[in-house]
Amino acid sequence: METNKNLYQYNTFGFNVMATEYVSISSISSLQEFIKQGELANTSVLVLGGGSNILFTSDFKGLILHNQILGITKIREDDNEVDIRIGGGENWHETVINAIGNGWGGIENLSLIPGSVGAAPIQNIGAYGVEIEDTFKSLEFVHFSDGSTQEFTKEDCQFGYRDSVFKRDLKGKGMVASVTLTLSKKPSLNTSYGAIKTTLEDMSIENPTISDVSNAVIQIRRSKLPDPAEVGNAGSFFKNPVIPEHKYAELKELHRDLPGYSNGPGKIKIPAGWLIDKIGWKGYRKGSVGVHKDQALVIVHYGGGSGKEVRDLALEIKKSVYENFSIELETEVNIL
Ligand code: EPU
C-alpha cells in the first residue's frame, strides 16, 4: 500500500490530486486477503479503473483500489460463438482489438472508448448503436463486506442507458473482477448509425468486415472527440435526456431542427450536445477549462486547472440548458 499517492496519471481529466492511500489489486485472492486484514474498514473506498469517467474536485481522503486484474481467456466455444472472460483491469480498447484480431464480432462499434473492462458494465458503455449489454454474459463481483465472490447475470446487472445496479444499490460495495462476453464467430454488423454508413462510403467499402467498422468508428471518434492523451476530458460529461413525447413536440415547435430518437413508448431521447451547442457553449473557454470545439457534450481541461473549475462550468451549463429548454441535465461523469 502506498500513502499520499498522486493521481495525476490515473484520471483522464489530468488533475493533480492526492489520495491518502492507494493499492494496486492484481488478483481476486489479494483483494480478499486485503479485506480479511480489515484494511477496508473505517475508510472511504474507491475502485479506480482507467479513470476516464471520474472528476476529482479535491484530494481523495480514503483508499483507492486500482483494479489491475488482467487476462483474457476463452472459456467456451461452439461453431457460432465464443465466451471470453476478461480481467477487470484490462484496457477496453485493447480488448476490442484483440477480439477483432480473432475474428470475433459484437464489440467493434465500441472501439476506442477509453477506460477499463471492469468499469464498462458499471455504466453500460455504448456508442454508435451498440451497448456492452448486447454481448454481455456475466461478471464476477467481489463484495467488500466479506470478500465473497458472486456471479452476476445480465438480468442481475439491471442495465439501462449508461446505468446498472452497480451505480445504484451496489455503488461502492465491491469490485468487478472479470467480465464474460459472448462474441460471434459469424458477426452481423451494426452500421445503422448514420455516421458509420457515410464513413464506410467515404472509405469506398461496400462489404465491410468487423475490422472496417472498427476503423470507421475510430475515424469518427478521432474527428469529434478529444484524445485524453492530448487534452484532459472524460468523454460525454452529461447523459442525453429522455423526455415525454408531448414535451418534445412543444420544444420542436420552437426549435424546428431539434433532433430526437424514440426511446420506448411515449419517450424521446434528445442529444444534450445539441442543446448545449444551440445556446452557444461550443468552444467556450474559461481559464483552464472549456467546452470542446467539436462536441459540446465534452468538457475539457487544458492543464493547470482544478476539478472545481470543471464542476462550476458544468453547473453553469446545466443552469443555462434549464433556462432555455426547461430540461434538467444529469451528469454521466462520477463527480467526487
Ligand atoms: N450535436 C450537435 N452539437 C454538438 C454535439 C452533438 O448538434 O456539439 C448533435 C449531432 O449533430 C447529432 C446529435 O447531436 O445530431 C448526436 O451527436 P453524437 O452522434 O456526437 O452523439 P451524442 O449523443 O452527443 C452519444 C454518447 C457518446 C457516443 C455517441 C455515439 C451519451 C451521453 N454520449 O453522444 O458516448 O460516443 O453517442 O454513439 O450517450 C460517452 O459516453 O462518453 C460518449 C462519448
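Trainee: The backbone nitrogen of Leu112 lies 2.7 Å from a polar atom of the His93 side chain. What makes this a polar contact?

Mentor: This is a predicted model, so treat each value as computed. The cut-off for a polar contact is 3.5 Å between N or O atoms. Leu112 and His93 are at 2.7 Å, so the distance fits that limit.

Trainee: Why is His93 called buried?

Mentor: Buried means under 20% relative accessible area. His93 has 18%, so the word applies.

Trainee: Where is His93, and which residues is His93 in contact with, leaving aside its neighbours within four places in sequence?

Mentor: His93 is in helix α2, residues 92-101. Its contacts beyond those neighbours are Ser111, Leu112, Ile113 and Ile218.

Trainee: Now the ligand. How do you know that Gln295 makes a polar contact with the ligand?

Mentor: Compare the distance with the 3.5 Å cut-off. A side-chain N or O atom of Gln295 is 2.8 Å from a ligand oxygen. For Lys224 the value is 3.2 Å. For Arg221 it is 3.5 Å. Within 3.5 Å is what counts, so these pairs qualify.

Trainee: How much of the ligand does the protein bury?

Mentor: The ligand alone exposes 820 Å², and the protein buries 82% of that.

Trainee: Which element gives the largest share of the shell around the ligand?

Mentor: That is α7, with three residues. The shell divides into 10 nonpolar, six polar and seven charged residues.

Trainee: Why is the ligand said to lie between domain 2 and domain 3?

Mentor: Domain 2 (72-184) and domain 3 (232-335) both give residues to the shell, so the ligand lies between them.

Technical notes:
Residues are numbered from 1 along each chain as its sequence is written. This is a predicted model: local features need pLDDT of at least 70, side-chain atom pairs count only at pLDDT 80 or more; totals for chains, interfaces and linings use all residues. Side-chain values use heavy atoms; hydrogens and water are left out. A polar contact is a pair of N or O atoms within 3.5 Å; within protein, one must be able to donate a hydrogen and the other to accept it, and residues adjacent in sequence count only if both atoms are side-chain atoms. Accessible areas come from the Shrake-Rupley method with a 1.4 Å probe; for residues, only the protein chains shown count as cover. Helices (H or I, at least four residues) and strands (E, at least two) are DSSP runs, numbered from the N terminus. Ala, Val, Leu, Ile, Met, Phe, Trp, Tyr, Cys and Pro count as nonpolar, Asp, Glu, Lys and Arg as charged, and the others, Gly among them, as polar. Domain bounds come from an automatic or database domain assignment. Buried means under 20% relative accessible area, exposed over 50%, partly exposed in between (1.4 Å probe, protein chains only). Contact means heavy atoms within 4.5 Å.
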